[in-house]
Amino acid sequence: MIILGIDPGTARTGWGVIETNGSSYKLLACGVIAPKTKVLSEKYVEIFDEINSLIDQFQPHCISVETQFVSKNPQSAIKIGMARGMAILAGAKRSIPIFEYTPLKAKKAVTGSGKAQKEDMQKMIGLLLSTQKRISHDAADALALAICHSHHARSPLSPSI
């Protein structure tokens, strides 16, 4: 199964693609979408277009997206929610199943602790995906979301995809 993980943001949207076979994972690619424009509506278009390109390139069976984190700043939450919407829309337009996980659940799936630090996430992602490649925080979070979904997809309580 090929899973595209998305960690949405307006300045940096992390993405990661893994292939799973049982409990083993293979890193296919990862990176960051960093829109060059300052115009918010154009950022959303760039995020949407880049995610569509990733879907074309990797043909994922499903997309795992981080659920919205609402902090003290409602404007930030709305902007991030719109970036999330671009990922969901890109997949939904192609009838690709979308799964959503909290940051806590993704961290726990990778490190065993929902309170793991960014550096711990990067280290565990490297170990789980058997790579020496330096993976950015944003891409590591996206890969954690993909791995998290892989765990849930294998669960006998989860619907099969």
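Thr10 is buried in this predicted model, with a relative accessible area of 16%, which falls under the 20% that serves as the limit for calling a residue buried. The residue lies in the loop between strand 1 (2-7) and strand 2 (13-21). Leaving aside its neighbours within four places in sequence, Thr10 is in contact with Pro35, Leu40, Lys43, Tyr44, Ile47, Lys79 and Ala83.

**Helix 1 and helix 2**

Several of the residues that Thr10 touches, among them Leu40, Tyr44, Ile47, Lys79 and Ala83, also take part in the packing of helix 1 against helix 2. Helix 1 (residues 40-58) and helix 2 (residues 74-92) pack with their axes 9 Å apart and at an angle of about 35°, and their crossing is right-handed. On the side of helix 1 the contact is made by Leu40, Tyr44, Ile47, Phe48, Ile51, Asn52 and Ile55, while helix 2 contributes Lys79, Met82, Ala83, Met86, Ala87, Leu89, Ala90 and Gly91. Sorted by class, the residues in this contact are twelve nonpolar, two polar and one charged.

Leu89, which has its place in helix 2, counts as partly exposed at 39% relative accessibility. Along the chain Leu89 and Phe48 are 41 residues apart, and their C-alpha atoms are separated by 7.9 Å.

**The nonpolar cores**

In soluble globular proteins, nonpolar side chains tend to be buried together. Here the largest nonpolar core has 24 residues, and those with the most contacts inside it are Ile18, Ile125, Leu129, Ile135, Leu143 and Ile147. At least two residues of this core come from each of strand 3 (24-33), strand 5 (98-101), helix 3, helix 4 (118-128) and helix 5 (137-154), and helix 5 gives the most, with eight residues.

Leu143 gives a view of how the surroundings of one core residue are made up: not counting residues up to four places away in sequence, Leu143 touches Gly16, Val17, Ile18, Leu27, Ala29, Cys30, Ile125, Leu129 and Ile135. A second, separate core of 21 residues includes Ala29, Phe48, Phe58 and Ile63.

Val17, one of the residues touched by Leu143, lies in strand 2 and is buried, with a relative accessible area of 1%. Once its neighbours within four places in sequence are left aside, Val17 is in contact with Ile2, Ile3, Leu4, Lys26, Leu27, Leu28, Ala29, Phe58 and Leu143. Val17 and Gln122 are 105 residues apart in sequence, and from C-alpha to C-alpha they are 15 Å apart in space.

**Buried faces of helix 3 and helix 4**

In helix 3 (residues 103-111) the buried residues are Ala106, Ala109 and Val110. Seen down the axis of helix 3, these residues fall within an arc of 90°, so they line one face of the helix. An α-helix has 3.6 residues a turn, so residues three or four places apart point the same way. Just after helix 3, Gly112 takes a positive phi of about 90°.

Helix 4 has Met121, Gln122, Ile125 and Gly126 as its buried residues. Seen down the axis of helix 4, they fall within an arc of 130°, so these residues also line one face of their helix. Lys123 and Leu127, on the other side of helix 4, are exposed.

**Positive phi outside glycine**

Gln59 has a positive phi although it is not a glycine, and Ser130 likewise has a positive value in a residue other than glycine. Gln59 is exposed, with a relative accessible area of 51%, and Ser130 counts as exposed at 67% relative accessibility; each value is over the 50% required for that class. Ser130 comes just after helix 4. The table sets out phi and place for these two residues.

| Residue | Phi | Place in the chain |
|---|---|---|
| Gln59 | about 50° | loop between helix 1 and strand 4 (62-66) |
| Ser130 | near 50° | loop between helix 4 and helix 5 |

Key. Residues numbered from 1 in each chain as written. Predicted model: local features only at pLDDT ≥ 70, side-chain atom pairs only at ≥ 80, totals over all residues. Heavy atoms only, no water. Buried < 20%, exposed > 50% of the residue type's maximum accessible area, 1.4 Å probe, protein only. Helix = DSSP H or I, 4+ residues; strand = E, 2+ residues; numbered from the N terminus. Arc of directions from axis to C-beta. Core = buried A, V, L, I, M, F, W, Y, C linked by side-chain atoms within 4.5 Å. Contact = heavy atoms within 4.5 Å. Axes fitted to C-alpha atoms, helices over the stretch in contact; angles between N-to-C directions. Left-handed = near helix turned anticlockwise from the far one by under 90°. Nonpolar A, V, L, I, M, F, W, Y, C, P; charged D, E, K, R; others polar.
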